[in-house]
Amino acid sequence: MKKIILSLLVVFVVVFVSVAVFIFTVAFMDNIKADQEVRVFIPAGTSADGLSSILADAGVLRSEKSFQIMTSLRSSRHSAKPGSYLLEPGMNNHQIFSMFTAGRQSPVRVTFNNIRTIEELAGKVGGQIEADSASLSEFFADEANYGADGFNRQTIISVFIPDTYQLYWSTDAEGFYRRMLREYRSFWNNERTQEAADINLTPVGVSVLASIIDEEVVRDDEKPRIAGVYLNRLRKGIPLQADPTVKFAVNDFTIRRVLNEHLKVDSPYNTYKYKGLPPGPVCCPTKSGIEAVLNAEKHDYLYFVARPDGSGYHHFSLTLAEHNRYAAAYRRELNRRRIYK
């Protein structure tokens, strides 16, 4: 009997050690095939067992079988967290599995610029985080989601200052807005808010004017001077007569020559028809546009028109008569180039 018990004990120890060695080998074997970082996206609702198929489809594992064994041993106690993850060369199964189940995701770089409407923003950002364009558009269509923060459907786009931001891929529509709102409030610190007040504008008002300048100006070094023109017109109660607002009003950004028929459109964005600022930005205002308004050049110019030489610069005028001469020269050049609309 003693020999039988001893034999069983030996067998048990051998089996136990073998299993332990096997599990240790499976857990700590180097299992990344790539020799550089590989980014993998894990959607919401992915089970721990589902990791195996996702990684298999990505083709990043040396041994898919060993990772399947790893997940089968631990999946009952853990689930995968959604997000964007970086797999690094040399990672073992234990490190890989733990990274996914602990949610140690790596941020993605989200970039947007040259955006005119909230729908364009949704389409641009929707491809860079898990929230798709439809969920983003739906969120921003409902003013209840941001009305308490002081914005409406027309002004909400001012929150999104073009730049590159680091966000987690699993960010949803509300999370994206809240993050951008923090960035907006950080940008609009006490100093900038006071600078806006000094020119009788709110931060949103500055953003509206900056958006017009961004659409109007090709040369950044001219932005402060043109900002000065618009501020002069606002102070004197003269309509801004800004072409970008007309293009926005008719929803046609391909227009190269604003015609009388465009100026007749009855829209609060038509600054030829209505005095003051339009109800909201005509694009996502850039930092350079905002700074141009806050640091506008002080002068007495009330008019400007593009130079006919194609340089992207403008002629500035104190009087309407002088402006009309410059404008006539510009129209002749448009005719010469056969630009009629």
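The legends below describe close-up views of a predicted model.

**View 1. The largest nonpolar core and the elements that build it.** This core holds 57 residues, and the members that touch the most others are Phe140, Phe160, Phe176 and Tyr177. At least two residues of the core are supplied by each of strand E3 (108–112), helix H5 (118–125), helix H6 (133–141), strand E4 (163–167), helix H7 (173–187), helix H9 (203–216), helix H10 (223–236) and helix H13 (287–294). Helix H7 gives the largest share, seven residues. Apart from this core lies another, of 18 residues, which includes Ile42, Val60, Met91 and Phe100.

**View 2. The surroundings of Tyr177.** Leaving aside residues up to four places away in sequence, Tyr177 touches the aromatic residues Phe139, Phe140, Tyr146, Phe151 and Phe160, together with Ile156 and Val159, and it also touches Asn145 and Asp149. Two of these partners, Phe140 and Phe160, are, like Tyr177, among the residues that touch the most other members of the largest nonpolar core.

**View 3. Ile118 in helix H5.** Ile118 is buried, with a relative accessible area of 7%. Beyond residues up to four places away in sequence, the contacts of Ile118 are with Phe140, Arg153, Ile156, Ile157 and Phe160. Tyr168, by comparison, is separated from Ile118 by 50 residues in sequence and by 21 Å in space, taken from C-alpha to C-alpha.

**View 4. The crossing of helices H10 and H13.** The axes of H10 and H13 come within 8 Å and cross at roughly 55°, and the two helices are therefore oblique to each other. The crossing in which H10 passes H13 is right-handed. On the H10 side the contact is made by Lys223, Pro224, Ala227 and Leu231, and on the H13 side by Ser288, Gly289, Ala292 and Val293. Both helices also supply at least two residues each to the largest nonpolar core.

**View 5. Cys283 and Cys284, without a disulfide.** The structure as a whole holds zero disulfides. The cysteine sulfur closest to that of Cys283 belongs to Cys284 and lies 6.9 Å away, which is too far for a bond, because a disulfide requires the two sulfur atoms to be within 2.5 Å. Cys284 is likewise in no disulfide, its nearest cysteine sulfur being that of Cys283. Cys283 is buried, with a relative accessible area of 4%, and Cys284 is buried with a relative accessible area of 4%.

Terms used:
Residues numbered from 1 in each chain as written. Predicted model: local features only at pLDDT ≥ 70, side-chain atom pairs only at ≥ 80, totals over all residues. Heavy atoms only, no water. Core = buried A, V, L, I, M, F, W, Y, C linked by side-chain atoms within 4.5 Å. Buried < 20%, exposed > 50% of the residue type's maximum accessible area, 1.4 Å probe, protein only. Helix = DSSP H or I, 4+ residues; strand = E, 2+ residues; numbered from the N terminus. Contact = heavy atoms within 4.5 Å. Axes fitted to C-alpha atoms, helices over the stretch in contact; angles between N-to-C directions. Parallel < 35°, antiparallel > 145°, perpendicular 65-115°, else oblique. Left-handed = near helix turned anticlockwise from the far one by under 90°.
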